[in-house]
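Me: I would like to learn how to read a structure like this one, feature by feature. Could you take me through it slowly?

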Amino acid sequence: STRSIGSYAKGCLAGAVPLPLDGPHWQVMRLSRNRNWGTPELVHYIEQFSSDVAQDGWSGLLVGDMSQPRGGPMPTGHASHQIGLDVDIWYVPMPDHTLTRDERETKSAVSLLMTGRLSVDPAKWSVLDARLLKRAASYPDVARIFVSAAIKKQLCESAGADRAWLRKLRPWWGHDDHFHVRLECPPGMAGCEAQAPVGPGDGCGAELDY
């Protein structure tokens with residue numbers, strides 16, 4: 001049976017299931033890494049999220065790292081992603097053709113930031129990016145979404161009155177060309193160590209300034 005054992009950055013994974021490499025609204029990148037594994041809850045999230053964003057006008061998801069088949073620490077790239085509840089999603093929309101294995105290894109994610117990394121590039125950022133992140137945060141089993149501080153700043157300035165979803169978006173370095181979705185521990189799963197819940201408010205004040 002599936003079990004997430006330990007914490008997001010110190011644990012392992014039993015009974016993992018693979019996300020299919022291609023779906024109606026997603027394609028998995030960097031196949032050589034063999035990191036398209038997770039809990040059934042994570043696979044279901046990606047399937048549901050990709051279907052929903054297609055209705056929002058996003059052509060589909062390019063899926064980066066999830067977890068390894070047995071979880072645990074990866075040789076490169078992450079401290080977390082160890083218990084099958086994390087996934088990286090690129091800001092590049094899925095193209096209108098099935099990418100070859102070579103394209104999936106060589107195609108690059110694209111940073112949305114200006115030089116200096118303190119603000120988004122208006123030539124790359126659009127309302128669709130904001131809509132994508134809002135949709136990603138809308139599911140009750142999402143614990144956190146890690147984004148660049150500059151992207152969080154942009155959302156804080158443009159979100160308007162509907163701001164409750166912003167609290168799940170946490171500013172974290174290195175997330176300018178993708179965002180990192182983290183799910184809650186599945187209910188009743190013994191041995192899965194959850195993080196403390198995010199605090200109240202939208203996270204757009206002093207903590208973002210810092």
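Me: What volume does the second largest pocket have, and which residues lie nearest its centre?

Reply: Rolling a probe the size of a water molecule over the atoms shows where empty space is left. In this model, which is predicted, the second largest pocket has a volume of about 300 Å³. Its lining is made by 17 residues, and those nearest the centre are Arg117, Leu118, Ser148, Ala149 and Ala150. Helix 4 (149–158) and helix 5 (206–209) each contribute at least two residues to that lining, which by class holds nine nonpolar, three polar and five charged residues.

Me: How many residues line the largest pocket, and how do they divide by class?

Reply: The largest pocket encloses about 630 Å³ of space and is lined by 27 residues, of which Gly77, His78, Asp88, His175 and His178 lie nearest its centre. By class, its lining has eight nonpolar, twelve polar and seven charged residues.

Me: Which strand gives the most to the lining of the largest pocket?

Reply: Strand 11 gives the most, with three residues, while strand 8 and strand 11 each supply at least two.

Me: Are the residues of strand 11 buried or exposed?

Reply: In a regular strand the side chains alternate between the two faces of the sheet, and that is a good idea to hold in mind when you look at a strand. Strand 11, which covers residues 178–183, is mostly covered, since six of its six residues are buried. On one side there are His178, His180 and Arg182, on the other there are Phe179, Val181 and Leu183, and both faces are covered.

Me: In which sense do strand 8 and strand 11 pair, and which residue stands opposite Arg182?

Reply: Strand 8 (residues 86–90) pairs with strand 11 in the antiparallel sense over five bridges, and within this pairing His178 is the bridge partner of Trp90. Strand 9 (residues 142–147) also pairs with strand 11 in the antiparallel sense, here over four bridges, and Arg144 is the residue that stands opposite Arg182.

Me: Now for a helix: which residues of helix 1 are buried?

Reply: An α-helix has 3.6 residues a turn, so residues three or four places apart point the same way. Helix 1 (residues 40–56) has 17 residues and reaches 24 Å from its first C-alpha to its last, close to the 24 Å expected at 1.5 Å a residue. Its buried residues are Leu42, Val43, Tyr45, Ile46, Phe49, Ser50, Asp52, Val53 and Asp56. Gly57 follows helix 1, and the phi of Gly57 is positive, near 105°.

Me: Why does Ser4 count as buried, and what lies 2.7 Å from its side chain?

Reply: A residue is called buried when its relative accessible area is under 20%. Ser4, found in strand 1 (residues 3–7), counts as buried because its relative accessibility is 0%. A polar atom of the Ser4 side chain lies 2.7 Å from the backbone oxygen of Ile83.

Me: Where is the place of Glu193, and why does Glu193 count as partly exposed?

Reply: Glu193 sits in the loop between strand 11 and helix 5. Partly exposed means between the cut-offs of 20% and 50%, so Glu193, at 48% relative accessibility, counts as partly exposed. Glu193 and Leu132 are 61 residues apart in sequence, and from C-alpha to C-alpha they are 28 Å apart in space.

Methods:
Residues numbered from 1 in each chain as written. Predicted model: local features only at pLDDT ≥ 70, side-chain atom pairs only at ≥ 80, totals over all residues. Heavy atoms only, no water. Buried < 20%, exposed > 50% of the residue type's maximum accessible area, 1.4 Å probe, protein only. Pairing = 2+ DSSP bridges. Expected span 1.5 Å × (residues − 1). 1 Å grid on protein atoms, 1.4 Å probe; cavity = no way out; pocket = protein on both sides within 12 Å on 5 of 7 lines; lining within 4 Å. Points joined across faces, edges and corners; volume = space filled by probe spheres on them. Nonpolar A, V, L, I, M, F, W, Y, C, P; charged D, E, K, R; others polar. Polar contact = N/O pair within 3.5 Å; in protein donor to acceptor, adjacent residues only side chain to side chain.
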